[in-house]
Amino acid sequence: MGPTTPESRPAPVVVRRNERAPMQYRRFGRTNRALSVITLGGMRYHDGWSEPRHDVHPEMFDECRDSVERALDAGINHIETAYGYGKSEHCLGRVLEELKVPRERYFFMTKGSPMTGEATHRMLEEQLKALRLDHIDLYGWHGINSRARFEAAMQKGGPVEVLKRYQEQGVIGNVGFSTHANVRITSEAIASGLFDFVNLHYYYFYQRNWGAILLANAHDMGVFIISPNDKGGQLFKPPPLLGQLTAPLSPIAFNARFCLRTPLVHTLSFGMHRPEHFEQMRGVFPVSVPLTRAEQEILLRLDQRMSVDPLSQYEGHELEGDPSGINIAEVLRFRRMLKCYDMLEFGKYRYNMFSPDSDWFGGEFATSANLAKLDLSRVPPDIPLKEMLAEAHEAFFVPKVEG
């Protein structure tokens, strides 16, 4: 008998759970788990952030319980949360135990961002206790958002090494990471070969991570899209223009179909916590690969809106690290969404989250003082960058009220 070659090896067995129509399922990369293309996200339940973490408000519990039941009935088989989501792990642990949901009916993902090996051990034990689980299917290091956090996660004897030990013991099924970083850092983490999946941002209104998705596919990694309805444009309260452009689909349904138009994207996190959210989700199906002709017509309408303000086509990604400290590419993106799609409220929401010291959403405001520090030598000659950034600041900045 000759040597075994990749072509002659048997195909991996894909684990399937809770499958029912019209939900659709995709192999989550080399984890070999068939995840529902919609994940139930656990971040947005009532009173989820107050202290103490273990004290779950009755309304939060009821909301979570109802959402879990609806999700499972809809064929969702993947539930996701994080240590950083306040009371969420404690609430989900209680709900799953009270509902007596068989463990083989769902896959569970949680995340954490401990900065040392010892802290990883402590946090993981705390999470298992809160979740009332003896194993976690998918564990993500939460927020490889900067070079410093990447190096902390990957240090010898550090968090990822400890997570891998838990994986060897069967307490964790697969180790991945989530990221809000630039494509360079995200790609380095993917190329490390240490991770089985990646959680990242990718939507119609933010396509910058397409290269990272291609790289993840080359490494046979699962690809999980973070918050397509909220971070993807607050699509649950769209301006009238956006609703007209995506009709007859809702903006939520079109954006989901856009993300899932490629088999390289495996699941989208929907933070559903009210009955109407599940009605919105049903509008996503059926998902077509590639887009249908009607969906391509919607895509064309959206793309053509860029002609309203041709300057909006300039993205400014090459200006990362500008001495002004302004997150130029993101500010220009918010400006584009305003000028072409009337998305003022989303711009205000995200712009006012900028913080110069944040690893999650770093950047200075485009004030006159910061605009004076711009390095205009790298800006194309026909782009009035300073004026564009000043226009965005004027539109989006909301001064904080003291006291």
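**Exercise 1. Classify the charged residues Asp230 and Lys231, then describe how their side chains meet.**

*Solution.* Start with Asp230: at 5% relative accessibility, this residue counts as buried, because buried means under 20% relative accessible area. Next take Lys231, which at 15% relative accessibility counts as buried too. Finally, look at the contact: the side chains of Lys231 and Asp230 meet in a salt bridge, 3.3 Å from N to O. Keep in mind throughout these exercises that you are working with a predicted model.

**Exercise 2. Find where Arg335 and Glu391 lie, and work out which parts of the chain their salt bridge ties together.**

*Solution.* Begin with the contact itself: the two side chains of Arg335 and Glu391 form a salt bridge of 2.8 Å, N to O. Now place the partners. Arg335 belongs to helix H12 and Glu391 to helix H15 (residues 385–396), so the salt bridge ties together parts that are 56 residues apart in sequence. Then check the surroundings of each: Arg335, at 5% relative accessibility, counts as buried, while Glu391, at 33%, counts as partly exposed.

**Exercise 3. Trace the salt bridge of Arg17 with Asp137, and name the network around this pair.**

*Solution.* First, the distance: Arg17 and Asp137 meet through their side chains at 3.7 Å, N to O. Second, the location: Arg17 is in the segment before strand E1 (25–27) and Asp137 is in strand E6 (residues 136–142), 120 residues apart, so to speak of distant parts of the chain is fair. Third, the burial: Arg17 and Asp137 are both buried. Fourth, the network: salt bridges link Arg17, Arg33, Arg103 and Asp137. To put this in context, the count for the structure comes to 25 salt bridges.

**Exercise 4. Decide how the rings of Phe334 and Phe361 are arranged, and place them in the chain.**

*Solution.* The structure holds 21 aromatic pairs. In this one, the ring centres of Phe334 and Phe361 are 6.4 Å apart and the planes stand at 35°, so the pair is tilted. The pair links distant parts of the chain: Phe334 is in helix H12 (residues 328–341), and Phe361 is in the loop between helix H13 (344–351) and helix H14 (368–371), 27 residues away. Phe334, at 0% relative accessibility, counts as buried, and Phe361, at 9%, does as well.

For contrast, turn to Tyr351 and Phe354, an edge-to-face pair with 5.5 Å between centres and 85° between planes. Both of these residues, Tyr351 and Phe354, are buried. One aromatic cluster takes in Phe334, Tyr351, Phe354 and Phe361, with other members including Phe346 and Phe397. There is also a charge to notice here: the charged end of Arg350 sits over the ring of Phe361, 4.2 Å from its centre.

**Exercise 5. Describe the two faces of strand E9, and identify the strands that pair with E9.**

*Solution.* Remember that in a regular strand the side chains alternate between the two faces of the sheet. In E9 (residues 222–225), Gly222 and Phe224 are on one side, Val223 and Ile225 are on the other, and all are buried, leaving both faces covered.

Now the neighbours. Strand E8 (residues 197–200) pairs with E9 in the parallel sense over 4 bridges, with Phe197 opposite Gly222. From E8, the chain passes through helix H7 (residues 210–218) to E9 in a right-handed β-α-β crossover. Strand E10 (residues 267–270) also pairs with E9 in the parallel sense, over 2 bridges, and here Phe224 stands opposite Thr267.

Definitions and conventions: Residues are numbered from 1 along each chain as its sequence is written. This is a predicted model: local features need pLDDT of at least 70, side-chain atom pairs count only at pLDDT 80 or more; totals for chains, interfaces and linings use all residues. Side-chain values use heavy atoms; hydrogens and water are left out. Rings of Phe, Tyr and Trp (its six-membered ring) pair if their centres lie within 6.5 Å; planes under 30 degrees apart count as stacked, over 60 as edge-to-face and the rest as tilted. Buried means under 20% relative accessible area, exposed over 50%, partly exposed in between (1.4 Å probe, protein chains only). A charge sits over a ring if NZ of Lys or CZ of Arg is within 6 Å of the ring centre and within 35 degrees of the ring normal. Two strands pair if DSSP finds at least two bridges between them. A crossover is right-handed if, with the strands pointing away from the viewer, the path from the first strand over the helix to the second runs clockwise. A salt bridge is a side-chain nitrogen of Lys or Arg within 4 Å of a carboxyl oxygen of Asp or Glu.
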